[in-house]
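This report describes the architecture of one protein chain, from its overall form to individual residues. The reader is invited to follow the description alongside the sequence and the structure.

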Amino acid sequence: MTTATDLQLPIAVPSKIVCVGLNYRDHAIEAGLEVPANPVFFAKWPNSLTGPDTEILVPEGVRTDFEAELAVVIGRKARNVSREEALDYVAGYLCANDVSARDHQFEDGQWVRAKSLDTFCPLGPELVPADQIADPQNLGIKLWLNGVLMQDSSTAEMVFGVADIISYLSTTATLEPGDVILTGTPAGVGVFRNPPVGLKDGDVVTVDIEHIGSLTNRVRTI
């Protein structure tokens, strides 16, 4: 399993991996749900971290899905940050795959356990400094499963942009250097397809975000 240090994050293990649910308009439409009035947060535990070209380990019988996401890494302590200043607190950006155990998610009625299995948070391929990304709300985001394009959208589809997310979150939780925020996934996830598509042993998943790079992982059933 790859550590945050291997991914060039500011600290060895982030104090928080914060995720934003239902944060793309096209994803809300495919799910048949209303766009939230405020950002909806949940967590992934640090044991879920893994890096590029590693395996996503899926327990036998667990129904598992993919979610391409833009990951934001905090560069300095942020508390009660304004929207106008929020991007100044970003160290850089990564591709992320918010791998999800859908059966756990539906059984629990919430998301933390389903999102936090070992290796269920691939990040990479490397940290792109914030000053190299002119506008995080204008990036193409795609996901391929075994070479088939499954998700194809833009960060412009986000309900709440990166600056909004950081500002809103910082009013209730102090963000520390190295904290990671996963900003939501666009339409095309497996659970809402007809028929549904799940990850299986040997699958290869690639998340590609414009100007950030490509993150590829292979699935192994354990």
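In which sense do strand S1 and S2 pair, and over how many bridges? Strand S1 (residues 17–21) pairs with S2 in the antiparallel sense, and 4 bridges join them. The model in which this pairing is seen is a predicted one.

## The chain as a whole

The protein chain contains 4 helices and 14 strands. Its radius of gyration is 16 Å, close to the 17 Å that the globule rule gives for 222 residues, so the chain is as compact as a globular protein of that length. Along the principal axes, its C-alpha atoms fill a box of roughly 45 × 40 × 30 Å.

Of the 222 residues, 52% count as buried. The accessible surface comes to about 9300 Å², and carbon and sulfur atoms account for 51% of that surface. Among contacts with a separation of 6 or more, 77% are between residues 24 or more positions apart.

## The sheet of seven strands

Strands of a sheet pair through backbone hydrogen bonds, in a parallel or an antiparallel sense. One open sheet of this chain has 7 strands in the order S2-S1-S12-S6-S7-S9-S3, and its pairing is mixed. S2 and strand S3 (49–50) are the edge strands, each of which pairs on one side only.

Within the pairing of S1 and S2, a particular pair of residues can be named: valine 20 has phenylalanine 41 in S2 as its bridge partner. Phenylalanine 41 is partly exposed, with a relative accessible area of 27%.

## Helix H4 and the aromatic pair

H4 lies across S1, S2, strand S6 (68–74), strand S7 (90–97) and strand S12 (180–182), and it runs at about 55° to S6. How many of the residues of H4 are buried? The helix is mostly covered, with 7 of its 9 residues buried. These buried residues are Val162, Ala163, Ile165, Ile166, Ser167, Leu169 and Ser170. Their cover includes S1, S2, S6, S7 and S12.

The structure holds 1 aromatic pair. It is formed by phenylalanine 41 and tyrosine 168, whose rings are tilted, at 6.1 Å centre to centre and with 35° between the planes. Phenylalanine 41 lies in strand S2 (residues 40–43) and tyrosine 168 in helix H4 (residues 162–170), so the pair ties together parts that are 127 residues apart in sequence. Tyrosine 168 counts as partly exposed, at 36% relative accessibility.

## Arginine 83 beside the helix

Arginine 83 is found in the loop between S6 and S7. Its relative accessible area of 45% makes this residue partly exposed.

Which residues does arginine 83 contact, leaving aside its neighbours within four places in sequence? They are Ala163, Asp164 and Ser167. Ala163 and Ser167 are among the buried residues of H4. Isoleucine 165 is 82 residues away from arginine 83 in sequence, yet the two C-alpha atoms are 8.5 Å apart in space.

## The sheet of five strands

A further open sheet consists of 5 strands in the order S4-S14-S13-S10-S11, again with mixed pairing. Strand S4 (55–58) and strand S11 (148–154) stand at its edges with a single partner strand each, so one side of each is left without a neighbour in the sheet. On average, neighbouring strands of this sheet are turned by 20° against each other, direction ignored.

Strand S10 (residues 140–145) and S11 pair in the antiparallel sense over 6 bridges. In the hairpin that they form, 2 residues lie between the strands, and asparagine 146 takes a positive phi near 55°. S10 also runs antiparallel to strand S13 (residues 204–209), to which 5 bridges join it.

## The two faces of S10

The side chains of S10 alternate along the strand. Ile141, Leu143 and Leu145 point to one face and are buried, whereas Gly140, Lys142 and Trp144 point to the other and are not.

What are the bridge partners in S11 of lysine 142 and of leucine 143? Lysine 142 is partnered by aspartate 152, and leucine 143 by glutamine 151. In S13, aspartate 208 stands opposite lysine 142.

Note on methods: Residues are numbered from 1 along each chain as its sequence is written. This is a predicted model: local features need pLDDT of at least 70, side-chain atom pairs count only at pLDDT 80 or more; totals for chains, interfaces and linings use all residues. Side-chain values use heavy atoms; hydrogens and water are left out. Two strands pair if DSSP finds at least two bridges between them. Axes are lines fitted to C-alpha atoms, for helices over the stretch in contact, and angles run from 0 to 180 degrees between N-to-C directions. The radius of gyration is taken over C-alpha atoms; the globule rule is 2.2 Å times the number of residues to the power 0.38. Buried means under 20% relative accessible area, exposed over 50%, partly exposed in between (1.4 Å probe, protein chains only). Contact means heavy atoms within 4.5 Å. Accessible areas come from the Shrake-Rupley method with a 1.4 Å probe; for residues, only the protein chains shown count as cover. Rings of Phe, Tyr and Trp (its six-membered ring) pair if their centres lie within 6.5 Å; planes under 30 degrees apart count as stacked, over 60 as edge-to-face and the rest as tilted.
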